[in-house]
Amino acid sequence: MPVEITWWGHATCTVEDSGVRVLTDPLFARRLAHLRRRRGAVPPPDAWRADLALVSHLHADHLHVPSLERLAPGTRLLVPRGASRTVPGLRRLTRLTLTEVAPGDLVRVGDLAVRVVSARHDGRRLPVGPHRSPALGYVVEGEGRTYFAGDTGLFDAMPDEVGPVDTALLPVGGWGPYLGEGHLDAGRAAEALARLAPASAVPVHYGTYWPIGMDAVRPHEFHAPGEEFVRLAARSAPSVAVHRLGHGESVRPEATR
């Protein structure tokens with residue numbers, strides 16, 4: 001059965017591969033602190049269904065405990081090493097099967113193997129959390145090989161550590177008018193695409209949340225990253241098929257030729 005990818009908004013995707021549903025950075029909130037969802041409906045209950053959920057780092061828009069509480073009992077949950085000590089709310093999730101992981105780990109769920117890779121990002125629980133947990137990416141390997149980058153900047157070892165993949169889920173923006181270090185904007189994401197050379201890519205982490213009261217502040221940073229990534233990727237990685245999805249849309253990307 002072909003791999004199917006659904007983008008629910010921000011960094012939340014469902015990857016269906018080999019009969020296993022994998023959910024990335026579940027975020028099902030209409031509002032999160034100073035952020036509100038400006039585009040796309042809040043993901044429906046069908047989006048909550050997963051056999052395995054992956055959390056890339058401890059920022060509240062990626063590790064959102066109320067969203068994790070909606071997952072069905074028995075769902076396997078991978079979080080960065082040390083997360084349970086830093087985020088006490090994780091200890092309430094006794095219905096889930098929680099495993100802390102670090103780069104280099106390999107976790108098997110059904111016919112899938114999930115490789116944990118590193119990311120270049122401040123993975124602390126902000127605003128004052130200690131540097132205890134690494135930011136992570138994941139490579140889901142089954143019928144296909146799907147790289148979920150989480151939040152990351154470019155780093156030299158990215159192609160070697162991630163390895164050959166069929167599809168890359170790459171962040172191309174953020175949730176505010178400026179991106180700091182440890183992020184990919186559309187241009188840097190296109191460069192990452194050229195280095196990774198997958199068959200397909202899906203841009204994520206843009207066009208969903210925006211700070212309340214800042215609608216008129218650099219609005220192109222909210223609306224434009226997906227289209228900009230498509231344009232730049234066509235120039236830097238013309239052999240890669242880029243699928244710019246709408247919220248709730250799905251694609252079955254081709255495997256590497």
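Two strands count as paired when DSSP finds at least two bridges between them. Keep that in mind as we walk through this structure, which is a predicted model.

Let's start with β11 and β12. Strand β11 covers residues 136-141 and strand β12 covers residues 145-148, and the two pair in the antiparallel sense over 4 bridges. Within that pairing, V140 stands opposite T146 in β12. The link from β11 to β12 is a hairpin, made through 3 residues. Now look at what else β12 does: 3 bridges join β12 to strand β13 (residues 167-171), and here the strands run parallel. T146 turns up again, since T146 also stands opposite T167 in β13.

Next, a sheet elsewhere in the model. Three strands form an open sheet in the order β4-β5-β15, with antiparallel pairing. β4 (31-32) and β15 (209-211) sit at the edges with a single partner strand each, so one side of each has no neighbour in the sheet. Strand β5 (residues 35-37) pairs with β15 over 3 bridges, in the antiparallel sense. If you want a residue pair to click on, R36 has W210 in β15 as its bridge partner.

Two loops that lead into these edge strands deserve a stop. As background, most residues other than glycine have a negative phi. D25, in the loop between β3 (20-24) and β4, has a positive phi of about 35 degrees although it is not a glycine. H205, in the loop between β14 (200-204) and β15, is another non-glycine residue with a positive phi, near 60 degrees. Are these residues buried or exposed? D25 is buried, because its relative accessible area is 0% and the cut-off for buried is under 20%. H205 is buried as well, with a relative accessible area of 1%.

On to the nonpolar interior. The largest nonpolar core has 51 residues, and Y138, Y147 and F229 are the ones with the most contacts inside it. Helix α4 (residues 186-196) gives the largest share of this core, 6 residues. Which residues does F229 touch? Leaving out residues up to four places away in sequence, F229 touches L170, V172, A186, A189, A190, L193, A201, P203 and V242. There is also a second, separate core, with 19 residues, including V55, L58, L71 and L77.

Now for H57, which is placed in the loop between β6 (52-54) and α1 (65-68). With a relative accessibility of 0%, H57 counts as buried. What does the side chain of H57 do there? A polar contact of 2.9 Å joins the side chain of H57 to that of S56, and a polar contact of 3.4 Å links the side chain of H57 with the side chain of H121. H121 also appears in the wider contact list: not counting residues up to four places away in sequence, H57 touches H62, L63, P80, H121, D122, G123, A135 and D151.

We finish at a pocket. The second largest pocket has a volume of about 190 Å³. It is lined by 13 residues, of which D185, A186, H220, E221 and P225 are the closest to its centre. The elements that give two or more residues to this lining are α5 (220-223) and α6 (225-236). A186 may look familiar by now, as A186 is also one of the residues that F229 touches.

Note on methods: Residues numbered from 1 in each chain as written. Predicted model: local features only at pLDDT ≥ 70, side-chain atom pairs only at ≥ 80, totals over all residues. Heavy atoms only, no water. Core = buried A, V, L, I, M, F, W, Y, C linked by side-chain atoms within 4.5 Å. Buried < 20%, exposed > 50% of the residue type's maximum accessible area, 1.4 Å probe, protein only. Contact = heavy atoms within 4.5 Å. Polar contact = N/O pair within 3.5 Å; in protein donor to acceptor, adjacent residues only side chain to side chain. 1 Å grid on protein atoms, 1.4 Å probe; cavity = no way out; pocket = protein on both sides within 12 Å on 5 of 7 lines; lining within 4 Å. Points joined across faces, edges and corners; volume = space filled by probe spheres on them.
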